[in-house]
Amino acid sequence: PTFDDFEGHGVWRYAAALPFEAGVSIQEGATPLYEVPRLEDEIGIEALRIKHEGMNPTGSFKDRGMTVGVQVAKELGVGRLACASTGNTSAALAAYGTRGDMETLVLLPAGKVAAGKIAQASLHDARILEVDGNFDACLDIVQELAAKGEVYLLNSLNPFRLEGQKTIGLEILEGFLTDYDTVPDRIVLPVGNAGNTSALYKAFRELVQAGELDEDDVPKLTGVQADGAAPMVEAIENDADEVRRWDDVETRATAIRIGNPVNAPKAIPGIRETGGTAVAVSDEEITDAQRALAREGIGVEPASAASVAGLRKLRASGVVDDDERVACLTTGHLLKDPDAAAAAGGDPEPVPADTDDILEHLQQ
Ligand code: F0G
């Protein structure tokens, strides 16, 4: 296969579950499902694996959605692709858009996007608008631009994006079946717009319908949000049918700094019907989890660490049992947000360029 129409690899290995045989591809998917023995022990569960989506071409799971979504845009012959973004979607759209030879426009909340993500969008040739407003306002505007026919929308409201993201769930199930001969009891994932929650639920429903997965074996979908941006958690806890939009949101995990999770109508039934739940964690708990993953050699951005922080919390409160086999989804790479990583780590120690001085320094 050529690089452009890479068939049978990663996301496209699951073409039977997708609307096309191949897409605009940069070899996305087939990400690692890491063992984390120390974390597994510390949390106290039967098995814990980390599905690290930061190992995709642009460093987040968004690539899985873009390979399908940008293919649709290409087939439709649309002129300009656009998204609102907390950063990762813009990086992926820029890369896949330019690979597919299309113009891209991204709307970012000014001052609230991690440095690595803006650098990617810029270098991959997107036109970047820094909006004086939060992500939810950016998404409102880009939806209006799409409704006026100015742009083709590639946020997770676009159902073709979610088709590609279904493959995260398929890879997790395959990995567990290979290693444990059973699917995971639970999948814990960070929630922003709840696109992944919706996509995984759709993947599992399709498997059940196809007779490939027993209804009772569908993993419990468990969403994690930051305390300062937790409208989904509020809705699940209150057993509400609708999510209340939060106008003021704040968290160090800027990727999930979202007050109006647009896929909630599809994601909430997924959480409820699989017997899952949703939990909110503090920024401190997120950073602690980011450090714990880093100690296992796994570098993730803050939003990603929310999954592990949420699992810790649910295990401590007894919601998660000690006999569970769990997959945590880590959605983006550490280098996406170098400032957060540096703040969570220690400072370098300045020393003179002299071996004896350094030896003396090391004694201290
Ligand atoms: N984790 C990361 C690293 C993300 O970038 C996002 C979403 C999420 C989790 C939430 O995923 O929406 O499927 O619940 N980022 C979007 C963006 C909003 O613009 O990059 P979800």
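**Exercise 1. Into which domains is the protein divided?**

Solution. The protein is split into domain 1 (10–59 + 160–344) and domain 2 (62–153); these bounds come from an automatic or database domain assignment. The structure is a predicted model, in which local features need pLDDT of at least 70, side-chain atom pairs count only at pLDDT 80 or more, and totals for chains, interfaces and linings use all residues. Residues are numbered from 1 along each chain as its sequence is written.

**Exercise 2. State the confidence of the model and locate the stretch where pLDDT stays under 50.**

Solution. Begin with pLDDT, the predictor's confidence in each residue, from 0 to 100. Its mean for the protein is 96, and 98% of the residues reach 70 or more. For the complex, the predictor gives an ipTM of 0.99 and a pTM of 0.97. Next, find the weak stretch: over residues 1–6 pLDDT stays under 50, and the model has 10 contacts beyond four places in sequence for them. A contact requires C-beta atoms, placed from the backbone, within 7 Å. Where pLDDT is low, the predicted coordinates should not be read in detail.

**Exercise 3. Describe how domain 1 meets domain 2.**

Solution. The C-alpha centres of domain 1 and domain 2 are 22 Å apart. Across the boundary, 38 residues of domain 1 are in contact with 31 residues of domain 2. On the side of domain 1 that touches domain 2, the elements giving two or more residues are helix 6 (159–180) and helix 12 (338–344). Helix 6 gives the most, with eight residues. Helices (H or I, at least four residues) and strands (E, at least two) are DSSP runs, numbered from the N terminus. By class, this side of domain 1 has 17 nonpolar, 13 polar and eight charged residues. Here Ala, Val, Leu, Ile, Met, Phe, Trp, Tyr, Cys and Pro count as nonpolar, Asp, Glu, Lys and Arg as charged, and the others, Gly among them, as polar.

**Exercise 4. Work out the order and pairing of the open sheet of four strands.**

Solution. The order is 5-4-3-6, and the pairing is parallel; two strands pair if DSSP finds at least two bridges between them. Strand 5 (127–131) and strand 6 (152–153) are the edge strands, each pairing on one side only. Strand 3 (residues 80–84) is joined to strand 4 (residues 103–109) by five bridges, and A84 has L107 as its bridge partner in strand 4. Helix 3 lies across strand 3 and strand 4, at about 175 degrees to strand 4. Such angles run from 0 to 180 degrees between N-to-C directions, with axes fitted to C-alpha atoms, for helices over the stretch in contact.

**Exercise 5. Analyse the open sheet of six strands.**

Solution. Its strands follow the order 1-2-10-7-8-9 with mixed pairing. Strand 1 (33–35) and strand 9 (277–281) are at the edges with a single partner strand each, so one side of each has no neighbour in the sheet. Neighbouring strands are turned by 25 degrees against each other on average, direction ignored. Strand 7 (residues 186–190) pairs in the parallel sense with strand 8 (residues 220–226) over five bridges, and I187 stands opposite L221 in strand 8. Helix 6 lies across strand 1, strand 2 (47–52), strand 7 and strand 10 (325–330), running at about 140 degrees to strand 10.

**Exercise 6. Identify what surrounds the ligand.**

Solution. The shell has 21 residues, the closest being S85, G192, G195, T331 and G332; a residue is near if its C-beta atom, placed from the backbone, lies within 6 Å. Helix 3 (88–99), helix 7 (195–209) and helix 11 (302–316) each supply at least two shell residues. Domain 1 and domain 2 each contribute at least three. By class, the shell has six nonpolar, 14 polar and one charged residues.

Note on methods
Two residues are in contact if their C-beta atoms, placed from the backbone, lie within 7 Å.
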